[in-house]
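Thanks for sharing this one. Please have the structure open beside you as you read my comments.

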Amino acid sequence: MRIARLLCFLLLSHNIFAQKGTLKGRVTAGGGPLPFTTVALLGTLKGASTNDKGDYEIKNINPGSYEVLFSCVGYQTQKIELTIKNGATAILNMEMKIDSASMKEVIITALGIVTTVRRAPVPVTLVSHDMFLQQASTNVIDAIAKQPGITAITTGPGVSKPEINGLGYNRVLTVMDGERQEEFQWGDEHGVLIDPYAVYDAEIIRGAASLQYGANAMAGVVSFKSQPNREPGIVSGSIQSEYQTNNGLIGNSIDIGGTNHDFFWDVRGSYEAAHSYSDPHDGYVWGTAFFQSNLKAVIGMNRSWGYSRLTISTLHKQIEIPDGNRDSTTGQFEFDVPLGAQFVNGKYVPGTGQVFPTKANFLSYNPDISSYQVLNHDEVWWQNSINVGRGSIGADIGYTESIRHEIDTGTVAEENMFVHDVPYSIKYQVEGNSGLNFTTGFNGMFEFMNNGPEPPTPYIGDFEIPNYHIFDIGGYGVLEKDFKNLTLSGGLRYDLRSISGQPMYLANYFTPEQEEVPAGTQGAYTQFPQVNKTYTGLSGSIGATYQLPGHYYVKLNIAKSYRAPAINELTSNELNPGAFAYELGNINLKAEQGYEADAAIGNNGKDVNFELDGFYNYINNFIFSDRLAAKNEADSVLLGKPVYKYTANTAIIAGITAYLNIHPADVKWLELDNGFSYVYTFLPGQTDSTQHIPWTPAPRLTSEIKLKLPEQSNSMLSGAYFKLGAEHDWAQNDIYSAQYTELPSYNYTLFNAGIGTNFISKKTKRTVCSLFINCTNLMNIAYVDHTARTQYFWAYNGANDPDNFGRVPAIVTRQSEGIYNMGRNIGFKLIIPVGIAGNKSRQ
């Protein structure tokens with residue numbers, strides 16, 4: 001009760017604090033207003049963007065001295081020192097100078113404060129709103145996967161999981177507006193359940209970020225952000241429609257929002273659907289259709305005492321999982337079970353119905369014939385910040401319910417999982433004198449999962465992991481000090497994870513009469529034993545950046561990271577239809593302990609900017625899934641599938657990432673952007689066939705040239721461009737080849753092209769609509785990405801079905817036997833703005 005009274009007192013009595021100051025002004029370029037310029041107070045969370053008149057205003061600023069940063073794409077970043085007095089309003093106008101393609105610098109780092117790319121101690125990748133718009137992708141992870149250091153582990157076009165510097169799954173934390181996206185991140189065939197149309201931009205921390213984000217950020221963080229708040233008194237939004245030629249993707253999204261005095265709101269509805277995709281090697285790939293819908297609402301207020309923001313969303317997704325099932329003679333894709341087959345005595349009996357998918361089946365937008373999943377993801381996220389003196393207290397709490405139904409044949413789910421998450425965070429941040437900032441707090445989550453009951457006969461229930469409870473909590477403290485050219489930061493964190501898994505016993509195992517029974521039942525099969533585990537770990541980091549003459553800068557960050565085993569790594573005991581394997585957990589696994597060093601040198605000059613990053617990561621008890629061999633050195637097999645078991649080994653992950661962007665200030669119509677990634681992994685003490693970590697991405701080089709149409713005052717076009725890009729992926733021969741766990745991949749080169757523009761009303765000078773056309777895999781090359789799981793999906797005549805008439809699975813021993821990536825795809829994107837865009841404040 002005392003805590004509740006204190007919070008109410010803080011909310012209702014905000015005038016007890018020192019009077020705040022205000023900063024406002026106008027930003028211009030070439031004598032005219034410059035909208036969408038970011039204005040930020042370095043070392044704080046305060047900032048704003050200019051409206052269509054170039055005006056900005058930042059309220060509730062603690063008295064003191066600040067560095068004010070002005071940043072806008074295409075213009076030189078400006079930094080001015082300013083003093084805010086108690087209760088006063090400071091006026092600061094800025095004339096921006098053109099700097100073609102200058103990199104946007106303002107970001108929010110793992111330290112939770114506004115800083116720049118050059119001063120962030122770890123490498124950070126920014127994915128701007130324009131970058132999301134000016135591309136064609138089938139999900140939100142694929143939209144960022146070509147950035148340096150970033151890749152995606154994919155299971156068809158609808159399922160992608162991010163990798164950072166060669167590490168993925170539970171080592172990369174994905175957040176949306178600060179809320180961690182847990183869902184089913186431990187599984188291979190579970191993608192990130194985020195509406196791609198709800199994402200405005202993104203920041204990617206490429207390096208250990210456990211300090212503030214927790215254990216699952218061992219490799220880094222992918223932070224997606226939604227539409228900023230509108231200017232007070234304005235209601236605006238957009239209507240977005242999209243079509244892609246390869247898989248017929250149809251997407252539509254409507255967004256509307258506004259700000260009335262201190263109250264802001266936003267509502268979005270989205271829908272997308274796609275049929276099977278095609279590639280030059282396979283033709284149409286059976287089992288790759290999907291659809292997704294999402295409704296999302298945001299309400300909140302900005303007041304002198306701070307802010308409060310409530311987000312509610314509900315997402316539904318239905319997605320097919322391809323299995324590569326083919327006819328043994330022709331190689332043509334076929335149904336797992338012929339349509340019309342009957343189920344007699346627990347076995348499918350071939351009928352006289354349809355065996356092969358027709359073109360109408362391939363072009364169907366209903367993903368309900370092949371093996372498919374039905375996913376529901378509902379969430380509530382409440383964020384709060386209360387100003388206290390020179391600092392603020394942040395208090396966030398949420399609730400998510402994620403439901404997964406997996407259906408192999410028909411309409412009855414054989415696997416049903418219900419996951420509930422309660423993420424929470426309490427943070428205190430204070431802005432000290434002379435550029436010293438301190439942040440402390442604790443965060444974590446409470447998660448529990450329940451399996452659904454055994455399905456009715458003749459279906460056989462599939463239980464991947466036990467019913468479980470997980471409680472995570474971690475406390476941390478971070479210090480950052482800004483000098484004139486030097487920035488120092490460091491901190492410590494301590495984490496605790498408690499895992500409790502319930503036992504499960506099954507009678508008549510893997511028959512249509514299978515049922516869950518109590519412990520001690522004679523002849524019962526132990527699906528899961530009782531599990532009670534507690535893990536603790538220490539994380540920390542210390543980093544520095546230094547600004548050198550000539551726009552050069554250097555960075556160095558040393559971090560200690562920690563990750564407790566995921567529930568599937570400890571307890572799996574199941575036939576995984578999505579992985580076409582039998583997976584076993586390992587109850588004896590220990591927590592991973594990582595030691596990482598990141599170093600970088602870069603330049604943010606007038607004509608060229610570049611950054612070269614190097615990293616070295618040494619991980620004790622590195623956990624991965626190992627394919628087991630039988631005594632005769634052949635595959636170990638359970639229920640007709642190869643067996644994998646989680647194991648651990650010391651691991652070394654090292655590599656470099658780089659980008660080089662050329663944008664001559666005197667040639668404003670030209671941009672040339674290049675990115676490079678290379679990751680090398682090593683498992684000490686292993687044989688030649690087991691000395692590399694599975695799913696290590698191949699080296700990759702991307703290049704893109706963009707030609708921009710000069711702006712003309714009487715033209716109907718604005719921001720018009722044409723771009724041509726190339727991506728070269730080298731062969732990956734550093735693989736975990738034992739038992740055909742991985743295959744070497746071949747090198748390939750892809751070409752991409754795009755064109756886009758804003759159509760402007762000559763009368764009002766406002767955007768009427770925007771059109772973007774993008775083509776990926778322009779030459780329609782048959783290729784396989786090394787981190788595409790579908791390259792291992794292959795079976796003959798129903799061999800991937802549990803009741804497959806006695807046949808055994810086929811093992812992929814050559815890349816040509818699996819499924820290839822998508823062929824040529826042309827995407828059309830039309831955006832119609834509604835209302836008037838206004839000022840977006842972060843207070």
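The points below cover a sheet, some salt bridges, a buried glycine and a surface patch.

1. A word on the source before anything else: this is a predicted model, so please read each point below as a description of a prediction.

2. I would start with the open sheet of five strands, whose order is 12-17-18-15-16 with mixed pairing. Its edges are strand 12 (124–127) and strand 16 (179–180), each of which pairs on one side only. Inside the sheet, strand 15 (residues 172–176) runs parallel to strand 18 (residues 220–225), and five bridges join the two. To find the register, look at L173, whose bridge partner in strand 18 is V221.

3. Strand 18 also takes part in a salt bridge: K225 pairs with E203, with 2.7 Å between the closest N and O atoms. K225 belongs to strand 18 and E203 to strand 17 (residues 201–206), so the pair links parts of the chain 22 residues apart. The two ends differ in exposure: K225 is partly exposed at a relative accessible area of 27%, whereas E203 is buried at 7%.

4. What does R230 pair with? Its salt-bridge partner is D266, and the closest N and O atoms are 2.6 Å apart. Because R230 sits in the loop between strand 18 and strand 19 (234–244) while D266 is in strand 21 (residues 263–274), this pair ties together parts that are 36 residues apart in sequence. Both R230 and D266 are buried.

5. Another pair worth a look is R493 with D495, where the closest N and O atoms are 2.7 Å apart. R493 is buried, with a relative accessible area of 2%, and D495 is buried at 7%. Elsewhere, R171, R563, E569 and E592 are linked in a salt-bridge network. The whole structure has 26 salt bridges.

6. Is G501, in strand 34 (residues 486–501), buried or exposed? G501 is buried, because its relative accessible area is 1% and buried means under 20%. Beyond its neighbours within four places in sequence, G501 contacts P466, N467, Y468, P529, Q530 and V531. The C-alpha atoms of G501 and T571 are separated by 8.3 Å, although the two are 70 residues apart along the chain.

7. Lastly, the surface: Y546, L548, Y552, I601, L612, I656, Y678 and Y680 make a nonpolar patch of about 650 Å². Among them, Y678 is found in strand 46 (residues 670–682) and counts as partly exposed, at 31% relative accessibility.

Terms used
Residues numbered from 1 in each chain as written. Predicted model: local features only at pLDDT ≥ 70, side-chain atom pairs only at ≥ 80, totals over all residues. Heavy atoms only, no water. Pairing = 2+ DSSP bridges. Helix = DSSP H or I, 4+ residues; strand = E, 2+ residues; numbered from the N terminus. Buried < 20%, exposed > 50% of the residue type's maximum accessible area, 1.4 Å probe, protein only. Contact = heavy atoms within 4.5 Å. Patch = residues over 30% accessible without salt bridge, like charges linked within 9 Å, V, L, I, M, F, W, Y side chains within 5 Å. Areas by Shrake-Rupley, 256 points an atom, 1.4 Å probe, with all protein chains shown as cover. Salt bridge = Lys/Arg side-chain N within 4 Å of Asp/Glu carboxyl O.
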